[in-house]
Amino acid sequence: MTQHPFLSLADANAPFADQLIAAAARVIRGGCYIGGAEVEALEREIATLCGTDCCVGVSNGLDALRLILLALIELGRLDPGDEVIFPTNTFIATALAIRQAGLTPVATDVDPHTMLLTADTVEPLITQRTRAILPVHLYGRVCADPSLLQLAQRHSLLIVEDAAQAIGATGVGRVGVAAAFSFYPTKNLGALGDAGAVVTSDPDLARTVRSLANYGASARNSYTLAGYNCRLDPIQAAMLRVKLPALAEENRRRRAIAATYHALVAHPLVELPQLPDDPSAHVWHQFVVTLRQPRRNSGGASVRDALQAHLLGCGIATDVHYPVPVHRQTPFAGAARRSLPVAERLAGSILSLPIGAPATAATASAVAAAINAFPLR
């Protein structure tokens with residue numbers, strides 16, 4: 001029996017159940033089922049949260065990222081075929097957005113401690129065709145090293161943020177020209193289905209994203225772009241508006257669990273994720289440890305597999321984000337132009353511990369005790 005599940009969406013949404021039902025009823029009674037007041041209100045609230053001038057609600061995180069890139073092409077700031085550098089240790093949607101926008105994804109390695117791309121990993125990959133960098137705020141940690149920003153400025157490169165996992169982290173949405181959010185149900189701010197958003201302080205970019213998401217419309221029955229149908233559903237907007245006021249507390253809860261892990265986990269084979277200098281720059285969408293020894297013995301048994309099995313035997317469920325780097329996935333086999341040893345090592349040695357609902361600091365204490373009891377051989 002699993003005493004400590006990795007995540008329970010039922011538990012995550014239980015505190016909001018009555019409000020969610022009331023919000024859905026409000027939309028049903030209101031009779032506006034595409035766009036409307038709920039979507040507009042959520043857009044204002046997300047823009048305020050991020051400190052940006054504009055927010056455009058869209059259908060999901062992949063579409064949010066894809067629409068930003070397509071809008072930059074429409075505005076003449078990118079051209080089809082331009083190279084976009086992204087970290088290979090990410091969810092595949094990051095690379096899919098680049099490819100689907102008609103751009104060329106170029107995979108880069110990452111820093112072994114932060115698991116984020118850096119100026120040092122990006123710079124060797126810059127060519128005459130490179131026009132943008134797409135940092136991922138992985139696991140909720142903001143990727144905004146000053147040297148990376150300076151590198152982009154020096155080479156006149158755009159920065160587009162994949163902020164799918166980092167809603168509420170300080171600085172997100174102000175690192176680059178725009179940021180893409182996902183409100184997939186497992187996120188710190190999760191809808192009850194698919195949903196996403198684009199934030200930016202560039203009104204032309206916001207206007208173009210909004211048009212592309214709505215069939216390319218500039219006004220009713222007037223279409224100036226060859227657009228898509230990527231609008232945010234007002235029911236999902238209403239759900240998110242119920243949960244948004246609790247986001248700061250949810251992120252504080254996750255930071256407290258992360259602090260408990262850092263205080264209590266003490267095992268020679270387990271490396272804890274690096275803490276940022278500014279605690280508010282990390283919202284701990286996932287808490288990911290690294291196994292210092294990839295193989296348990298000469299027979300090739302994986303330490304991660306052994307630890308996962310040990311924890312499951314203790315009633316603790318875990319997960320892996322992500323076991324296969326993007327450049328090892330079939331559609332992106334040519335995205336790596338050099339070896340990416342750090343990302344490949346991480347893919348074989350990372351393990352995600354419970355931090356989403358219903359996890360508590362007591363959960364983290366139990367997990368830490370089980371990890372510390374994991375035999376070395």
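Tutor: Two strands pair if DSSP finds at least two bridges between them. The model considered here is predicted.

Student: What makes β1 and β7 a pair, and in which sense do they run?

Tutor: Five bridges join β1 and β7, and the definition asks for at least two, so the strands count as paired. Their sense is antiparallel. One of the bridges links V58 to G196 of β7.

Student: Why is β6 also called a partner of β7?

Tutor: Strand β6 (residues 178-182) shares four bridges with β7; because the requirement is at least two, this is a pair as well. These strands run antiparallel, and A180 has V198 as its bridge partner in β7.

Student: Why is β7 described as largely enclosed?

Tutor: Five of the five residues of β7 (residues 196-200) are buried, so the rest of the structure largely encloses the strand. G196, V198 and T200 point one way, A197 and V199 the other way, and all are buried.

Student: Why is S59 called buried?

Tutor: Its relative accessible area is 15%, and buried means under 20%; S59 therefore qualifies as buried. S59 lies in the loop between β1 and α4. Beyond its neighbours within four places in sequence, its contacts include D194, A195, G196 and C230.

Student: Why does Y33 count as partly exposed?

Tutor: Y33 has 46% relative accessibility. Partly exposed lies between under 20% and over 50%, so Y33 belongs to that class. Y33 is placed in the loop between α2 and α3 and forms a nonpolar surface patch with I28 and I34, with about 330 Å² of accessible area together.

Definitions and conventions: Residues are numbered from 1 along each chain as its sequence is written. This is a predicted model: local features need pLDDT of at least 70, side-chain atom pairs count only at pLDDT 80 or more; totals for chains, interfaces and linings use all residues. Side-chain values use heavy atoms; hydrogens and water are left out. Patches are made of residues with over 30% relative accessible area and no salt bridge: like charges are joined within 9 Å, nonpolar side chains (Val, Leu, Ile, Met, Phe, Trp, Tyr) within 5 Å. Accessible areas come from the Shrake-Rupley method with a 1.4 Å probe; for residues, only the protein chains shown count as cover. A salt bridge is a side-chain nitrogen of Lys or Arg within 4 Å of a carboxyl oxygen of Asp or Glu. Helices (H or I, at least four residues) and strands (E, at least two) are DSSP runs, numbered from the N terminus. Buried means under 20% relative accessible area, exposed over 50%, partly exposed in between (1.4 Å probe, protein chains only). Contact means heavy atoms within 4.5 Å.
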